[in-house]
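Subject: Structure handover

Hi,

Here is the structure I said I would pass on. Have a look at it first, and my notes on what turned up follow underneath.

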Amino acid sequence: MFTSISPSSLAWGLLLIAGLLEIVWASAMKASEGFTKLPYTALTFAAAWGSFWLLGLALKTLPVGTAYAVWTGIGAVGVATLGLLFFNEPASLARIGCIALIVIGILGLKALSA
């Protein structure tokens, strides 16, 4: 049986996808090597457009401070993690701890918005 999705749940889903697209565009920007590689440059702009558009849709329902903090947090955690895995960035305990604090902040904002 299908049930309708609440506007709040839909907004959070859109915000999650927008945050994932932020990871895509930021990583593609790095891979574009200063916008000198056309496929990665195109991916950067397409993913950025999609990310901003979905963020804008989510902002119809969610508070701007919460949505923006969660959106940037998803992007920051995702890109920092990809940096550790694929761009040979240092993986110190302090760095991983700071990334964990961002995750805690995102989860806290979600929990407090319910």
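H3 is the main contributor to the lining of the largest pocket, giving five residues. Bear in mind that this is a predicted model. The pocket has a volume of about 170 Å³, and the elements that put two or more residues into its lining are helix H1 (7-31), helix H3 (64-86) and helix H4 (93-113). If you want to select the lining, take Trp12, Leu15, Leu16, Ile23, Val70, Gly73, Ile74, Val77, Gly78, Val103, Ile106 and Lys110. By class, that lining splits into nine nonpolar residues, two polar and one charged.

Stepping back to the fold: the chain has four helices and zero strands, so to speak α-α-α-α when read from the N terminus. Its C-alpha atoms fill a box of roughly 45 × 35 × 30 Å along the principal axes.

Now the packing, pair by pair. Two packed helices are described by the angle between their axes and the distance between the axes, and I have put both down for each pair below.

H3 and H4: the angle is about 150 degrees and the axes are 9 Å apart. Angles over 145 degrees count as roughly antiparallel, so that is the label for H3 and H4. H3 passes H4 in a left-handed crossing. On the H3 side the contact includes Val70, Gly73, Ile74 and Val77, and on the H4 side Val103 and Ile106 are among the residues met. Those six names should look familiar, as each of them also lines the largest pocket. The contact of H3 with H4 has 13 nonpolar, two polar and one charged residues.

H1 and H2: helix H2 covers residues 38-58, and H1 packs on H2 at an angle of about 160 degrees, with the axes 8 Å apart. That makes this pair roughly antiparallel as well, and the crossing is left-handed. From H1, the residues in contact include Leu14, Leu21, Trp25 and Met29, while H2 brings Tyr40, Leu43, Leu54 and Leu55, among others. Sorted by class, the contact of H1 with H2 comes to 19 nonpolar, three polar and one charged residues.

H1 and H3: here the axes come within 8 Å and cross at roughly 40 degrees. H1 and H3 are therefore oblique to each other, and H1 passes H3 in a right-handed crossing. Trp12, Leu15, Leu16 and Ile23 are among the H1 residues in this contact, and they meet an H3 set that includes Val70, Ile74 and Gly78. All of these residues turn up in the pocket lining too. The class count for the contact of H1 with H3 is 13 nonpolar, six polar and one charged.

Which residue in the loop between H1 and H2 deserves a look at its backbone? That would be glutamate 33, whose phi is near 50 degrees, a positive value in a residue other than glycine. The loop between H3 and H4 holds another case, asparagine 88. Asparagine 88 has a positive phi of about 55 degrees, although it is not a glycine.

That is what I have for now.

Cheers

Notes:
Residues numbered from 1 in each chain as written. Predicted model: local features only at pLDDT ≥ 70, side-chain atom pairs only at ≥ 80, totals over all residues. Heavy atoms only, no water. 1 Å grid on protein atoms, 1.4 Å probe; cavity = no way out; pocket = protein on both sides within 12 Å on 5 of 7 lines; lining within 4 Å. Points joined across faces, edges and corners; volume = space filled by probe spheres on them. Nonpolar A, V, L, I, M, F, W, Y, C, P; charged D, E, K, R; others polar. Axes fitted to C-alpha atoms, helices over the stretch in contact; angles between N-to-C directions. Parallel < 35°, antiparallel > 145°, perpendicular 65-115°, else oblique. Left-handed = near helix turned anticlockwise from the far one by under 90°. Contact = heavy atoms within 4.5 Å.
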